[in-house]
Protein chains: 2
Amino acid sequence: MTIPQQRARATVHDVAAAAGVSRGTVSRVLNGGYVSPAARSAIEAAIQSVGYVPNTAARNLVRQRTQAVAFLAHEPHPLFLEDPNIGSVMLGANEALSLADYQMVCLVIDSVRDTERVSRYLAGGFVDGAIIVSARSHDPITRAVTRLALPTTFVGHPPDLGTMPWVGIDNVAAAREITTRLLSTGRQRVAMIAAALDRDSGADRLEGFRQALGERFDPRLVAEVPLYEYGGGLAGMEELLRREPAIDGVFAASDAVAAGALEALRSAGRAIPEDVGLVGFDDSTWARRSRPALSTVHQPAAGLGRRAAEVVLAQLRGEEVERGGILLDTPIVWRESA
Amino acid sequence: MTIPQQRARATVHDVAAAAGVSRGTVSRVLNGGYVSPAARSAIEAAIQSVGYVPNTAARNLVRQRTQAVAFLAHEPHPLFLEDPNIGSVMLGANEALSLADYQMVCLVIDSVRDTERVSRYLAGGFVDGAIIVSARSHDPITRAVTRLALPTTFVGHPPDLGTMPWVGIDNVAAAREITTRLLSTGRQRVAMIAAALDRDSGADRLEGFRQALGERFDPRLVAEVPLYEYGGGLAGMEELLRREPAIDGVFAASDAVAAGALEALRSAGRAIPEDVGLVGFDDSTWARRSRPALSTVHQPAAGLGRRAAEVVLAQLRGEEVERGGILLDTPIVWRESA
DNA sequence: GAGTGGTCTGTGAACGTGCACACACTCTGC
DNA sequence: GCAGAGTGTGTGCACGTTCACAGACCACTC
């Protein structure tokens with residue numbers, strides 16, 4: 001006998017038979033409606049004794065909704081492993097959905113095969129809505145949800161989002177603000193390690209830095225690295241120190257980059273924050289873990305997830321939602337590194 | 001008009017009408033069976049033109065399976081944010097499930113409310129099986145899957161698992177092996193920073209250390225810290241140096257702990273690996289990121305996920321699976337820190 | 001005592017599929 | 001010409017729910 005013994009699950013019919021009532025009455029106990037105390041207690045006892053659990057597939061079929069929302073993480077390889085934010089976004093979304101009694105189901109897309117299967121999954125009526133993080137431009141999934149008219153909210157905003165609602169932060173303003181704060185500590189030669197300039201977040205942070213410096217902006221004091229990475233920070237800082245040894249302030253495009261820069265500065269014999277003030281971006285574990293702890297911009301990751309979930313829930317309630325973006329606050333967290 | 005216009009989805013009836021055939025023939029095109037080339041192409045054209053996507057709820061109802069497997073992450077707060085392994089486990093599982101054309105749906109449990117809802121979700125027939133990571137003892141979810149007879153595999157093994165299949169690593173052997181390797185570099189006073197002794201992984205790693213030292217084991221050279229954390233490594237190492245300044249080798253219970261220890265050793269003016277050899281456990285990003293890079297035990301996180309998925313798939317195929325645990329190899333990765 | 005309104009219950013019809021079965025047609029070989 | 005095999009197609013039922021409807025019963029009130 002190789003096939004595991006799977007006893008047939010109890011249905012609403014079994015409960016009705018055991019309680020001596022009809023299906024309709026059982027359904028009313030489950031979903032509300034007039035039902036006598038006697039019948040109710042008989043049915044509740046019957047549910048217990050036969051071990052009844054409603055079959056959600058059948059319920060979904062007739063109700064045309066599933067009480068579940070997808071959380072889509074694209075290309076998670078670098079993200080899950082390196083980006084400490086995505087977990088927080090996910091937990092924030094889960095919290096808001098949970099409160100509304102929705103089940104969050106997280107789907108990861110890691111290959112072309114996944115893209116197709118996830119499209120089918122979304123189209124198949126498994127979920128009532130979706131939250132999508134880290135979508136790329138011309139993402140087939142974006143097309144799929146558009147075609148399906150599936151209530152969706154994005155976290156971050158790829159350029160071809162159209163009128164889809166999204167939640168994000170104002171990278172320009174946040175970068176401008178922390179740079180200004182760094183300047184206010186009296187630094188004279190302030191540099192930036194810019195990263196991921198091909199993404200809007202990367203480009204925007206550089207723009208904010210430029211705005212804060214105004215007239216004093218010097219392109220020689222900007223090092224560019226491809227990714228938000230420790231290694232990039234290390235290399236970028238070494239490059240900057242070669243170009244201008246008198247640097248006394250650095251804005252790194254992320255905390256990971258800042259951690260790399262810190263290592264380079266330390267190797268070069270610079271004291272932080274005495275010789276050089278250093279600030280990051282994200283308020284991730286990198287920032288708290290560093291010695292000295294990093295001054296940084298708090299990225300409200302959990303809030304982004306929570307807010308995205310709320311926008312999806314609003315759509316599900318049939319409410320009109322603001323098309324376009326919602327920007328969340330990014331408070332500055334001042335610690336020891338500047 | 002507040003309710004978004006959701007055009008009715010096309011059903012198999014619409015396709016049949018458009019193609020001038022019956023439902024049955026459409027179903028055969030979708031699921032295999034005899035169908036003439038003429039009918040087939042007419043139906044395929046009709047599917048395109050009406051934009052038909054099968055309703056999975058209805059399909060699941062009649063097929064009694066969903067082609068989806070749950071990935072359950074319990075208490076993700078510390079895990080998702082701190083543990084770099086869980087993401088890899090998840091990606092490994094996704095890879096194996098994807099290959100078998102199963103959809104992985106990840107569910108996070110973050111509160112009592114979540115526990116109940118997830119139990120309902122699992123019971124509701126949304127998934128055919130489950131992979132559970134980081135389950136605790138007396139976990140209500142463990143009870144739920146047992147009662148449901150849902151094909152399940154655990155990653156790691158809480159003590160009350162019963163006959164449930166699980167996948168894990170041999171912490172005792174791995175710890176013994178890396179300690180032996182460390183001793184073979186000629187170290188005389190080898191200490192351990194043990195962590196999470198309330199979990200079997202933590203206790204097992206200490207036991208492996210003890211076995212490797214044999215007669216030379218000295219309880220004074222074991223510092224105990226509560227969690228696999230950077231902070232714990234820092235404090236534990238400081239404590240050990242106070243007890244025995246002549247330490248020349250350290251086995252830290254995880255890479256994060258080792259990173260903390262590294263910081264403490266550096267502050268105390270010890271050169272790594274010249275004065276003190278240091279080894280960790282996990283082969284996480286911590287290990288590669290550290291300066292010097294850590295020698296450590298490779299935890300086959302993706303392999304654990306993959307293997308767990310395979311065991312679930314085997315159960316789904318009705319195969320008899322080995323009750324009890326499957327242990328994966330944990331090769332030693334020798335880098336610069338010892 | 002008939003009408004009225006509220007409370008409670010059972011029944012039938014969906015929801016959109018897949019599958020078993022029955023049937024129709026064509027071809028082969030005798 | 002006819003049985004039998006092989007190929008292609010349509011129909012009815014089942015899956016387990018929810019929901020609308022109809023109806024039964026029980027006070028009340030006029």
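Buried means under 20% relative accessible area, exposed over 50%, and partly exposed in between (1.4 Å probe, protein chains only). The model is predicted: local features need pLDDT of at least 70, side-chain atom pairs count only at pLDDT 80 or more, and totals for chains, interfaces and linings use all residues. Residues are numbered from 1 along each chain as its sequence is written, chains are lettered from A in the order in which they are written, and side-chain values use heavy atoms, with hydrogens and water left out.

**Exercise 1. Positive phi**

Task: Place A:Ala149 and A:Asp283 in chain A, and state whether each is buried, partly exposed or exposed.

Solution:
Step 1. Helices (H or I, at least four residues) and strands (E, at least two) are DSSP runs, numbered from the N terminus.
Step 2. A:Ala149 sits in the loop that links helix H8 (140-148) to strand S4 (152-155) of chain A. Its phi is positive, about 55 degrees, although A:Ala149 is not a glycine.
Step 3. With a relative accessible area of 37%, A:Ala149 is partly exposed.
Step 4. A:Asp283, also not a glycine, has a positive phi of about 55 degrees and belongs to the loop between S9 and helix H13 (285-289) of chain A.
Step 5. A:Asp283 has 11% relative accessibility and therefore counts as buried.

**Exercise 2. A cis peptide bond**

Task: Find which peptide bond leading to B:Pro273 is cis, and where B:Pro273 is found.

Solution:
Step 1. The bond runs from B:Ile272 to B:Pro273, with omega near 5 degrees.
Step 2. B:Pro273 is in the loop between helix H12 (255-267) and strand S9 (277-279) of chain B.
Step 3. In chain A, the bond from A:Ile272 to A:Pro273 is cis, again with omega near 5 degrees.

**Exercise 3. A strand with two faces**

Task: Sort the side chains of strand S11 (residues 325-328) of chain B by face, and describe how S11(B) pairs with S5.

Solution:
Step 1. In a regular strand the side chains alternate between the two faces of the sheet.
Step 2. On one face of S11(B), B:Ile326 and B:Leu328 are buried; B:Gly325 and B:Leu327 point to the other face and are not buried.
Step 3. Two strands pair if DSSP finds at least two bridges between them. Strand S5 (residues 166-169) of chain B and S11(B) run parallel and are joined by 4 bridges.
Step 4. B:Ile169 has B:Leu328 as its bridge partner in S11(B).

**Exercise 4. Surroundings of a phenylalanine**

Task: Describe the position and contacts of B:Phe209.

Solution:
Step 1. B:Phe209 is part of helix H10 (residues 200-213) of chain B, and is buried, with a relative accessible area of 0%.
Step 2. Contact means heavy atoms within 4.5 Å. Leaving aside neighbours within four places in sequence, the contacts of B:Phe209 include B:Ala175, B:Val190, B:Phe217 and B:Phe251.
Step 3. B:Val172 is 37 residues from B:Phe209 in sequence, and their C-alpha atoms are 7.7 Å apart.

**Exercise 5. The two chains**

Task: Work out how chain B is related to chain A, and describe their interface.

Solution:
Step 1. Copies are superposed by least squares on the C-alpha atoms of residues with pLDDT of at least 70 in both. Chain B superposes on chain A by a rotation of 180 degrees with 0.0 Å of shift along its axis (RMSD 0.1 Å).
Step 2. The two copies are thus related as by a two-fold rotation axis. Of the contact residues of chain B, 100% recur in chain A.
Step 3. Buried area is the accessible area (1.4 Å probe) that two parts lose on being put together, summed over both. Between chain B and chain A it is about 5300 Å², with 53% from carbon and sulfur atoms.
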